[in-house]
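Let's take a walk through this structure together, starting from a single residue and working outwards. Have the model open beside you as you read.

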Amino acid sequence: MEDKEKLDAAIFLLKSAREQLKLPYYKFNTTRYVDEIREARRLQADVLRESKTLWERLK
């Protein structure tokens, strides 16, 4: 997956998690909320990690 695709997916997951917050408490899915945020953070970390190695290779 390209960096842009990873970031787009992370943004989508964070928006989806934010939408969960608008639901009434009895429809709120805590597991889904936590999983979406965890996956978004993982994707962001992948992009940052790869960009760091790219900068090191360019030096």
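Start with Leu48, which is exposed, with a relative accessible area of 59%. One thing to keep in mind as you look around is that this is a predicted model. Leu48 sits in helix H2, which covers residues 30-58. Now look across from Leu48 to Asp3: 45 residues separate the two along the chain, and their C-alpha atoms are 9.1 Å apart.

Let's step back for a moment and take in the whole chain. You'll find 2 helices and 0 strands in it. The chain's radius of gyration is 15 Å, well over the 10 Å that the globule rule gives for 59 residues, so the chain is more spread out than a compact globule. If you draw a box around the C-alpha atoms along the principal axes, its sides come to roughly 55 × 15 × 15 Å. Of the 59 residues, 19% are buried.

What about contacts across the sequence? Take those between residues at least 6 apart in sequence: 53% of them join residues at least 24 apart.

The outside is worth a look too. About 5100 Å² of the chain is exposed, and carbon and sulfur atoms supply 58% of that area. As for charges, the chain has 14 positive and 11 negative ones, and the mean positions of the two sets are 5 Å apart.

Next, head over to helix H1, which spans residues 3-21. Phe12 is one of the residues found in helix H1. Is Phe12 buried or exposed? Its relative accessible area is 59%, and since anything over 50% counts as exposed, Phe12 is exposed. Measuring from C-alpha to C-alpha, Phe12 is 9.2 Å from Glu36, with their places 24 residues apart in sequence.

Keep Glu36 in mind, and move along to Ser16, also found in helix H1. Ser16 has a relative accessible area of 12%, which makes it buried, because the cut-off for that is under 20%. Which residues does Ser16 touch, not counting those up to four places away in sequence? They are Arg32 and Glu36. Looking the other way, Ser16 and Lys6 are 10 residues apart along the chain, and their C-alpha atoms are separated by 15 Å.

Gln20 is another residue of helix H1. With a relative accessible area of 5%, Gln20 is buried. Set aside its neighbours within four places in sequence, and Gln20 is in contact with Phe28, Asn29, Arg32, Tyr33 and Glu36. Arg32 and Glu36 should ring a bell, as Ser16 touches them as well.

Two of the residues that Gln20 contacts, Phe28 and Tyr33, bring us to the aromatic rings. How many aromatic pairs does the structure hold? There are 2. In one of them, the rings of Phe28 and Tyr33 have their centres 5.4 Å apart and their planes at 50 degrees, so this pair is tilted. Phe28 has 26% relative accessibility and counts as partly exposed. Tyr33 counts as partly exposed too, at 22% relative accessibility.

Tyr25 and Tyr26 make up an aromatic pair as well, and this one is edge-to-face. The ring centres of Tyr25 and Tyr26 lie 5.8 Å apart, with 90 degrees between the planes. Are these tyrosines buried or exposed? Both Tyr25 and Tyr26 are exposed.

Technical notes
Residues numbered from 1 in each chain as written. Predicted model: local features only at pLDDT ≥ 70, side-chain atom pairs only at ≥ 80, totals over all residues. Heavy atoms only, no water. Phe/Tyr/Trp six-rings, centres within 6.5 Å; stacked < 30°, edge-to-face > 60°. Buried < 20%, exposed > 50% of the residue type's maximum accessible area, 1.4 Å probe, protein only. Helix = DSSP H or I, 4+ residues; strand = E, 2+ residues; numbered from the N terminus. Contact = heavy atoms within 4.5 Å. Rg over C-alpha atoms; globule rule 2.2 N^0.38 Å. Areas by Shrake-Rupley, 256 points an atom, 1.4 Å probe, with all protein chains shown as cover. Lys, Arg positive; Asp, Glu negative; His and termini not counted. Charge placed at Lys NZ, Arg CZ, Asp CG, Glu CD.
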